Amino acid sequence: MAKLTKAQREWKPNTPKKLRSTKMMFASVVLMLEAFVAMFLGLALFGVNGKNPAYLIAAGVLAVLLILACAVIRKTWGIAAGWILQLILIACGFWEYSMFIVGVLFSIAWWYALTGGAKIDRENVARAKAQAAWDAEHPEESPESNAK
């Protein structure tokens, strides 16, 4: 039998589901896509610029940093680290000029992930509060009473 996770061991009936942040999910997706772009950039520069392994190493380090940023994005300094990585991706344009455009486009996607995701998170919290208030006012119409 598989080992249970901490959340599975601590679960009790009627435990509310922990809300996952849409902002963090969107931001993580952007960072993961950028990690793929960084690796493809390294492969392209490796092939074009005389098989120099420094390009692969630099791109690999950047890709690993982008992936690690997904893990620390919930920390207070995680968003700032993401912005720094956006600047590094734009700076890759000095190796390959098209990366200026790609980096700016990913920075726009990063900005939208943060602002749009935060807006969706606020709406979800407001919706959950309104639902809880309605459930408290109408206990006879709640899904739990209908299941009995």
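Colleague: What share of the 148 residues in the protein chain is buried?

Modeller: This is a predicted model, in which local features need pLDDT of at least 70, side-chain atom pairs count only at pLDDT 80 or more, and totals for chains, interfaces and linings use all residues. Residues are numbered from 1 along each chain as its sequence is written, and side-chain values use heavy atoms, with hydrogens and water left out. Buried means under 20% relative accessible area, exposed over 50% and partly exposed in between, with a 1.4 Å probe and protein chains only. For the 148 residues of the protein chain, the buried share is 28%.

Colleague: Which pattern does the protein chain follow along the sequence?

Modeller: Helices are DSSP runs of H or I with at least four residues, strands are runs of E with at least two, and both are numbered from the N terminus. The protein chain has 6 helices and 0 strands. Read in sequence order, the pattern is α-α-α-α-α-α.

Colleague: What radius of gyration does the protein chain have, set against a compact globule of 148 residues?

Modeller: The radius is taken over C-alpha atoms, and the globule rule is 2.2 Å times the number of residues to the power 0.38. The C-alpha trace spans about 75 × 40 × 25 Å along its principal axes. A compact globule of 148 residues would be near 15 Å, but the protein chain has 22 Å.

Colleague: Which helix gives the most to the largest nonpolar core?

Modeller: A nonpolar core is a set of buried Ala, Val, Leu, Ile, Met, Phe, Trp, Tyr and Cys residues joined through side-chain atoms within 4.5 Å. The largest one has 23 residues, and those with the most contacts inside it are Leu-31, Leu-62, Leu-66, Ile-73 and Trp-110. Helices H2 (22-48), H3 (53-72), H4 (78-91) and H5 (98-137) each supply at least two residues of this core. With 8 residues, the helix that gives the most is H2.

Colleague: Which residues does Trp-110 touch, not counting those up to four places away in sequence?

Modeller: Contact means heavy atoms within 4.5 Å. Trp-110 is among the residues with the most contacts inside the largest nonpolar core. Leaving out residues up to four places away in sequence, Trp-110 touches Ala-27, Val-30, Leu-31, Ile-73, Ile-79, Gly-82, Trp-83 and Gln-86.

Colleague: Is Met-99 buried or exposed?

Modeller: Met-99 lies in helix H5. Not counting residues up to four places away in sequence, Met-99 touches Val-37, Leu-41, Leu-89, Ile-90, Cys-92 and Gly-93. Its relative accessible area is 4%, so Met-99 is buried.
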